[in-house]
Amino acid sequence: MSVFMDLNLTFSTDKNRLQRLIETAAHLGFSTVAINYVFEPTAKKKQEIPTPTPINDLIDQLPIVQGRSRPIRVLNRLTIVMSDSSHFRPNAAEYRCFDLLAVQPTTEKLFHAACMIYDVDIICISVTEKLPFFFKRAPVNGAVDRGLVFEVSYAAAIRDSTMRRYTIANAVCLMETCKGKNVILSSAAETPLELRGPYDITNLALLFGLSDGDAKEAVSSTCRSVVLHAETRRTASGIIYTMKSCSESSCQQEAPPAAAADGEAPAAKRAKPHLTE
């Protein structure tokens, strides 16, 4: 049985709305979702990168996934809308708070840099306006070779007919270049009514030019590869993994018992009788 994922649920300060969004996703059969924090820097003033809200503060109890006996998995994601190369800061400490890192380039030069240089997981394709550039095969193939994926969201097509035309046109242009490989489909939903089930999304993917197999992978196995890519990126290609050290009090509680008061040495350091005789 396939594990379906929606890696783009728009963050909202309304806790009740976000809770209903997660509950609806679980009811539709999504095993993993990502809360998306959009960061769009401006040249006028310096803005701080948002800090993700802990999942326990967003929802008291995670809902059970429809058809499964386990609760839904909720991740945090940061999407940087780039209009200048300075908007992306490699190795920024603020990025480490998020499970997934995505960029949305707005120019051809930034799109090429995102495909070939930037250490991210997802490259978002704008669906609210006509793209000011055409996709070229060289940077797209470079991104595929690096394990990056391209994301197309569908919620904008539900809200407005004009955006629906942009969504279809931009998605078809992308599919003609990447041949349907390394593509994920997500909702970018702001309300539960904008969410669709996995099989409805695969039918929509056929309209974008994806094959049956690629359409199913766009909401399942390719999404899983994104999560694995993010874990590898955060652990230095899987070689190093860092975690917070325990507090002083907890370390004292978990420390091994001290030696006996009479000064008896530990068992490992005691002399062996058959060697001392």
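# A tour from strand 2 to helix 6

Start by selecting strand 2, residues 30-39: nine of its 10 residues are buried, so the rest of the structure largely encloses this strand. The model is a predicted one.

Keep strand 2 displayed and add strand 1, residues 4-10. The two strands run parallel and are paired over five bridges. To see them side by side, pick leucine 9, which stands opposite isoleucine 35 in strand 2.

Next, select strand 4, residues 100-105. Five of its six residues are buried, so mostly covered is a fair description of this strand. Strand 4 has a parallel partner in strand 3, residues 73-82, with six bridges joining the two. Strand 4 also pairs with strand 5, residues 122-124, again in the parallel sense, over two bridges. Center the view on alanine 102 to follow both pairings: its bridge partner in strand 3 is threonine 79, and its bridge partner in strand 5 is isoleucine 122.

Now move to isoleucine 80. Beyond its neighbours within four places in sequence, isoleucine 80 is in contact with Phe39, Pro41, His87, Phe88, Tyr95, Leu101, Ala102, Val103 and Gln104. Isoleucine 80 is also one of the residues that touch the most other members of the largest nonpolar core, which has 63 residues. Select the others in that group: Leu78, Phe88, Phe111, Ile123, Phe150 and Leu185. A second core, separate from this one, has 14 residues, among them Ala34, Leu75, Leu100 and Ile184. In soluble globular proteins, nonpolar side chains tend to be buried together.

The last stop is helix 6, residues 161-178. How far apart are its end C-alpha atoms? They are 26 Å apart, in agreement with the 26 Å that 18 residues should span at 1.5 Å a residue. Color the buried residues of helix 6, which are Thr167, Asn170, Ala171, Leu174, Met175, Thr177 and Cys178. These cover an arc of only 160° around the axis, and therefore lie on the same side of helix 6. Turn to the other side of the helix to find Arg165 and Glu176, which are exposed.

Then show what covers the buried residues of helix 6, including helix 4 (137-145), strand 6 (149-153), helix 5 (155-159), strand 7 (183-186) and helix 7 (198-208).

Finish at the two ends of helix 6. At the N-terminal end, aspartate 160 acts as the cap, with a side-chain oxygen 2.9 Å from the backbone nitrogen of threonine 162. After the helix comes lysine 179, which has a positive phi near 60°.

Definitions and conventions
Residues numbered from 1 in each chain as written. Predicted model: local features only at pLDDT ≥ 70, side-chain atom pairs only at ≥ 80, totals over all residues. Heavy atoms only, no water. Core = buried A, V, L, I, M, F, W, Y, C linked by side-chain atoms within 4.5 Å. Buried < 20%, exposed > 50% of the residue type's maximum accessible area, 1.4 Å probe, protein only. Contact = heavy atoms within 4.5 Å. Helix = DSSP H or I, 4+ residues; strand = E, 2+ residues; numbered from the N terminus. Expected span 1.5 Å × (residues − 1). Arc of directions from axis to C-beta. Polar contact = N/O pair within 3.5 Å; in protein donor to acceptor, adjacent residues only side chain to side chain. Pairing = 2+ DSSP bridges.
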